[in-house]
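Reader: Hello! I am new to this structure and would love a close look at a single part of it. Could you pick one residue and walk me through its surroundings?

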Amino acid sequence: MAGPTVPQSLSRRRPAPTGDEEATAVLKLGDMTDTPALSVAECKVLLEQLANKGGRGTSNSDVYTKTREYVDMFARFKDPKTVTQVDAISSGLLAKGLTHFERAQLATLCCDSPDEARTLVPSLETKLSDEELQDVLNDISKLRDFS
């Protein structure tokens, strides 16, 4: 007598990671290099809009629920208008040579100083002067909600 048969998998295999993703002094994002990135606050706003529209399957999806809990806890900006203002400030950095990833990191981390920003996002090292970076950080910090 043969043992039980295992049903054939219905999902596709995920390709193995290429290992070329690295967020160090030289940013290596592989296929995601030119892909727009969201800050945690932007993700929070999008998930709220999805829930308000009654998006299909949002309320019963485990991934949706866990993601929503995460962004609710870690979003530094809660008000959609404030998120739009932070996006406008940080999007201006794209014209100065920053990537979408770096823009999203600055909008999410809310650093106090250029040194802190460069420590957390090493690829910023040569892209902005201390004065330019401090101005952006100050503008973002003014919008923070400490509640």
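**A close look at Arg118**

Author: Happy to! Let us begin with a polar contact: the side chain of Arg118 reaches the backbone oxygen of Leu128 at 2.4 Å. Please keep in mind that this is a predicted model.

Where does Arg118 sit? Its place is in helix 5, which covers residues 114-120. Arg118 counts as buried because its relative accessibility is 10%, and buried means under 20%. Beyond its neighbours within four places in sequence, Arg118 is in contact with Leu124, Glu125, Leu128, Ser129, Asp130 and Leu133. Leu128 therefore appears both among these contacts and as the owner of the backbone oxygen that the Arg118 side chain reaches.

Now step back along the chain to helix 4, residues 100-109. Several of its residues are buried, among them Arg103, Leu106 and Ala107. Just after helix 4 comes Cys110, with a positive phi of about 55°. Cys110 is buried too, at 6% relative accessibility. Is its sulfur bonded or unbonded to the closest cysteine sulfur? That sulfur belongs to Cys111 and is 7.7 Å away, so the pair is too far apart for a bond. A search of the whole structure finds 0 disulfides.

For a contrast, turn to Phe74 in helix 2, residues 62-74. Phe74 is partly exposed, with a relative accessible area of 43%. Together with Tyr70 and Met73, Phe74 makes a nonpolar surface patch of about 360 Å².

Technical notes: Residues are numbered from 1 along each chain as its sequence is written. This is a predicted model: local features need pLDDT of at least 70, side-chain atom pairs count only at pLDDT 80 or more; totals for chains, interfaces and linings use all residues. Side-chain values use heavy atoms; hydrogens and water are left out. Patches are made of residues with over 30% relative accessible area and no salt bridge: like charges are joined within 9 Å, nonpolar side chains (Val, Leu, Ile, Met, Phe, Trp, Tyr) within 5 Å. Accessible areas come from the Shrake-Rupley method with a 1.4 Å probe; for residues, only the protein chains shown count as cover. A salt bridge is a side-chain nitrogen of Lys or Arg within 4 Å of a carboxyl oxygen of Asp or Glu. Helices (H or I, at least four residues) and strands (E, at least two) are DSSP runs, numbered from the N terminus. Buried means under 20% relative accessible area, exposed over 50%, partly exposed in between (1.4 Å probe, protein chains only). A polar contact is a pair of N or O atoms within 3.5 Å; within protein, one must be able to donate a hydrogen and the other to accept it, and residues adjacent in sequence count only if both atoms are side-chain atoms. Contact means heavy atoms within 4.5 Å. A disulfide is a pair of cysteine sulfur atoms within 2.5 Å.
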